Each structure stands twice: as C-alpha cells, then as structure tokens.
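Take a moment to look over the sequence and the fold. Then read on with the structure in view.

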Amino acid sequence: MNKYTKKKKYLNILNKLILILICFIFTINISMGYAQDKSTPIVQDSEIVNKIDGTPVLLGDTTLFVIQKSVGSFSPQERAQAVTNRLEIIANDPLISIDNLRVVEDSDITSIVIGDKTLFTITDKDAKAANKTRQILAEKCIEIIRNAINQYRKERSLDYIIKGLLYSFILTIFLLIFLKIFNQVYPIIITRLQNWRGIRIPELRIQNIELLPAARVINIVTRLVKIIRIIIVISIFYIYISLVLSFFPWTKQISSRLISYFLAAIYKSWLAFADYLPNIFALALIFFITHYSLKFIRYIFTELGNGNISVPGFYNDWAEPTYKLVFLIIVALALVLAFPYLPGFGSPAFQGISVFLGILFSLGSTAVITNVVAGIILIYTRAFQMGDRIKIGEAIGDIVEKTLLVTRIRTIKNVIITIPNGTVLNSQIINYTALSQDPNYYLIIHTTITLGYDLPWRKVHQALIDAALATNNILTEPIPFVLQTSLDDFYVSYELNAYSNKPMLMANIYSELHQNIQDKCNEAGMEILSPHYSAVRDGNQTTIPENYLSEDYKPPGFRLSSLNNLFNLDNIKNRSDS
C-alpha cells in the first residue's frame, strides 16, 4: 500500500466519522425540537421535588430558580412546570424581545410580564421563603431569565452550531492522530517486552521454587498491556464523545451526565482508595516483617546445614526440611493476619468462598495430609538418606528424591518407583547403606546352599569360604563364615556370610559369589544337586563338568544287592514271633 492509498483510506474514515457525527447531532436536534414543540416536559433528576428546596424552574438543562410555595390550588410543582413551559415558548420565538420583561406591582402580588403576557407571579409567601422583598426577588428573577434566554438563543444560533461542528472536526482529527500514534507505539512496546524476557523480566520464584517461567511472565505482562490498551482506547472515546456532545445545546445535558458519571467514578475510587489506605499499610507491614523474618531464618538454617552452627541433637540434613516447615508455618500465619485487611473480606461472597474452599480442602486432603505427616516423620527418624540403597516392600533401589508427599527409588534396572510416604511409613524399610561408613559394621552378603549328608561339612565350609574370598568387593577382614541353618530330611542347609562395604554393588556381588560357589564346589568334587534326585539316580554320570574330572574317570555302574538281604527269612521269622 503506497502513501497515496493510505492517505485516501484515512480521509475516507474521517469523512465517515464526520458524517455519522453530523447525522447524530441533527437527529437529536430534530427529536429535541419536536419534543419542545409538543410542550412535553423533560423529566430530570433535578425535577424531583424536595420539600425544603422546592421545585426548580428550567430552561433547557439549566435551573433558573426554585418555587417553594403554592398559590391557591396550584402546587409548587404545577407552578414550576407552567413557568418552564412559558419560558421555553418565549426562548424559542426570536420575535419576542426580552427587553419587554418588566415588573408589575399589585397590592398583594408582584407579576413578571413580557409584553402583555404574564410570565409568573410572586406572592408574599415566595418572598418570605426567599428571605427577600417581592420587588427585590422579582428584579433578580428578571435578570436571571434575561441572561438564560440570551444564552439559550445564542447556543441555538447558526454561528454557534457551525462553531460546534468545527470543534468536533478538529477533535476528530486529534482523535485519529492519537489512534495512529498509539497503534504504532503498541507493537514497539510488545516487541520490547519480548526482548526483555529473562533479562529485565526474569522468572517468578520464591526462594529456590520457580513459580512461573520467564516466558509465562511475559505472556501475563503482554495480556495486561493489551487490557490497558483497551481501557485507554475506551476512555479516549468516552472523553471524545462527551466533548463532542458538549459543543451542541441539544446534547449538552447528555455530555454533562457522561462527565459527571466519569468524575463520580473517579471520586468514588479515590474515596475507596483513601479508606483502604490503612489496610494497605497493614499489609505492607505484614509483608515486610514476613519477608525479613524468612531471610533471617533462611540464614540460620543455611549455617546449620553447612555445619557453621551446631545444635546438640540436630543433624545437618534436618536443616533444609526444617526450614521448609518453618517457612510454611510463617507464611500461613502471615496469610491469617493479612486476610482481614483484604478487599471484601467481610462480604458474604468472600465468606462463602472461604467456607467452600475449606470444605473442599477438608474432604480432599486426607490422603495428602497423611503423606505429609509421614514424610515429616521419615525425615526426622532418618530412616534413609539421599543415595541410600534400601528395600521398601518388594522394591529395592537407591533413593533419588525425598519430598513431603512421595519417595522415589531408582532400581538396579533403572526404573523409577514412586511410593507415597504413607505407604513407606507403614512398610518395613531395610537400609543397606546406613552403616557402610562405620568401620566396625559392614553389610553381610549371605546366600544359602543345600548339600547332601554324604559330603563332609568341613570340606563344604572351606569351599564356600574360598568362593567368598575369590569374589570381588568381599572383605577378607572380617573373614567370611558359614552357618548350618538346618538339618533337613535329605540335606543340610549351609548359609555363607561374607562382609562387604559396597552395598551399591550388591547385585554384581551376589552374581559373582554364586559363580565362585559353583567353581569351588566343582573343584572340590562336590555335586550341587537335589538329594532327592540323587536317591533314584545312583550309578549315572556325575553332574560335575568334565574339565574338573580326571582323564581316567569312568561312570560307576549300578550297585545291586542280594535278594537274601531284601527277603531275609530269619528276619521275617523273628518279626512273626514277636
């Protein structure tokens, strides 16, 4: 679009606005003139009768004076309406000269006449209500009427209307210029805000908790700027319309009302702000005390965590969770203190919302509170620390995260298991790492093997100990040992126990230990098999691998017993005699 096209576009818009404005003004003019020709009174707020101040006499939208007393059967309202109608007829007839206004005295009344027509009469009651004599009151009324009619006719003259149109045209030009500049400045502001992301407008965070990222903050600020833009544009149009309407007598009353509404809104807003100012100071004081109290408490717990400050019975790893608890308590207390100073705190809507939120929190937070309490208990019982190898129920792994709600474990298969703290507290917790740093205590790796009664137990013990000592990450001191845990019907249970200071490598240690047990048993000529199977297998090939056997090894044959041993007649006879 070239410069000429843009200029033509703006001229078309300007012409349309002027045409709409002129049509609007003449429409109101015709309607107002029609209403005046029909002598239809215009009901205004100021026409409401006040028993003390009286009923106003109007010309256009201007109050000239008030009538407080009745005359005969005519009430103050009827008198004021009659005078208003007469003044409108005189003001709309330019042939009637206001120089003909004069005062006519009578014995008990004073009349104000124009030409040969009586405009209205003033009685002793009217003078007494105005605290003046009838003559002085009449002269003052004539002066007011003369000035009002002159102003009324001047505002409805052709010169005045042309001047109003000219002012409207100039104001419209200024409006278009403002809108053009404003529409060019607005994209620059939005671009500048986008460039400030992460620099002048950082992310929103409380302590180390990021509440909103910088991109989200920019979006919120951009929306606020858009809302402010809409408010500014609406306000400018509101002021523009009020000013344009004030240039013409038929719409001046509407303009006055629009301006009065605007000023009344500003005044009420200022009064509300002034009334709320003490609450703002109270909120600022609460915020100030809370902010610096948290900074001081943060410093204390940081020093406790670093070990610069020591308190008997208080562990360093308690510093961070304890600070979070104290932080929540202080913030909750600050909110309780600040709530009465919030806008609308005592309103039924605020109270209803508070009750509703309280019920929702009570009904939906049972499990949450249970997990939070369990998380606090787990922290202060020091059941496990970050990085510990533990077993909770059937889950075995390393602690990767502890929160007030859940505990997360990474298994040896690199699977993250999330367990609610309530479940953790109600389960048996086995910590393999707790005593790994203590030189007097080490983790005992243990496994059980069953062998038949035909194998010498000392030989078995030695083979198992040799297997343990051959395993990596098994300590030679203390020396491994074997426990015979049971003597069953067909086999003996041997439990091998070995010390290790590498609980994180348990899976690898167990795997290598089992491999070495197989090797050492095979080297010692001991078969690892079920004794039940051995009882029905007598004479078959041994299960020991060939590389452990001698070159001249041959499988033994079946052992056969004589039938006399099975069917011994002497034994049968002895059993029968007994």
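What follows is a walk through this protein, from the whole chain to single residues.

Start with a caution. This is a predicted model. Keep that in mind at every stop.

Now take in the whole. The protein has 578 residues, and 29% of them count as buried. Its secondary structure comprises 16 helices and 15 strands. About 37,800 Å² of the protein is exposed. Carbon and sulfur atoms supply 62% of that area. Next, think about contacts. Take those between residues at least 6 apart in sequence. Of these contacts, 56% join residues at least 24 apart.

The UniProt record adds a layer. Its unreviewed entry lists "transmembrane region" for residues 160-182, 227-250, 270-289, 325-343 and 355-381. Let us check two of these spans against the model. Residues 227-250 are 83% helix and 0% strand. The C-alpha atoms at the two ends of this span lie 34 Å apart. Residues 325-343 are 74% helix, again with 0% strand. Here the end C-alpha atoms are 29 Å apart.

Stay with this part of the chain and find E155. It belongs to helix α4, which covers residues 134-155. Is E155 buried or exposed? E155 has a relative accessible area of 12%, so it counts as buried, the limit being under 20%. What does E155 touch, beyond its neighbours within four places in sequence? The contacts are Y160, I161, P249 and K252. Two of these names tie back to the record. Y160 and I161 fall in the listed span 160-182, and P249 falls in the listed span 227-250.

Next, look for empty space inside. How many cavities of 30 Å³ or more does the structure hold? There is one. The largest cavity has a volume of about 60 Å³. Its lining is made by G375, L378, I379, F384, K402, T403, T407 and N421. Which helix gives the most to this lining? Helix α10, residues 366-381, does, with three residues. By type, the lining splits into three nonpolar residues, four polar and one charged.

Move along to some backbone details. N414 sits in the loop between β10 (406-411) and β11 (416-420). Its phi is near 60°, a positive value in a residue other than glycine. N414 counts as exposed because its relative accessibility of 62% is over 50%.

A second asparagine invites a look. N473 is in the loop between α12 and β14. Phi of N473 is near 65°, which is also positive, in a residue that is not glycine. N473 has a relative accessible area of 31%, so it counts as partly exposed.

The loop that holds N473 has another feature. P478 lies in it too, between α12 (457-469) and β14 (481-487). The peptide bond that joins E477 and P478 is cis. Its omega is about -5°.

Now turn to the elements around that loop. W457 is found in helix α12. With 40% relative accessibility, W457 counts as partly exposed. Leave aside its neighbours within four places in sequence. W457 is then in contact with Q484 and Y494. W457 and Q484 are 27 residues apart along the chain, yet their C-alpha atoms are separated by 9.0 Å.

Q484 leads us to V492. Residue V492 lies in strand β15, residues 492-500. Is V492 buried or exposed? Its relative accessible area is 4%, so V492 counts as buried. Again, do not count residues up to four places away in sequence. V492 then touches I449, T450, L451, Y453, Q484, S486 and L487. Q484 thus appears among the contacts of V492 and among those of W457. Y453 is 39 residues from V492 in sequence, but the two are 6.5 Å apart in space, C-alpha to C-alpha.

End with a stop in an earlier part of the chain. A82 is in helix α2, which spans residues 76-92. A82 counts as partly exposed, at 27% relative accessibility. V57 is 25 residues away from A82 along the chain. In space, the C-alpha atoms of A82 and V57 are separated by 8.9 Å.

Technical notes:
Residues numbered from 1 in each chain as written. Predicted model: local features only at pLDDT ≥ 70, side-chain atom pairs only at ≥ 80, totals over all residues. Heavy atoms only, no water. Helix = DSSP H or I, 4+ residues; strand = E, 2+ residues; numbered from the N terminus. Buried < 20%, exposed > 50% of the residue type's maximum accessible area, 1.4 Å probe, protein only. Contact = heavy atoms within 4.5 Å. Areas by Shrake-Rupley, 256 points an atom, 1.4 Å probe, with all protein chains shown as cover. 1 Å grid on protein atoms, 1.4 Å probe; cavity = no way out; pocket = protein on both sides within 12 Å on 5 of 7 lines; lining within 4 Å. Points joined across faces, edges and corners; volume = space filled by probe spheres on them. Nonpolar A, V, L, I, M, F, W, Y, C, P; charged D, E, K, R; others polar. UniProt positions renumbered as here; feature names shortened; annotations may be inferred.
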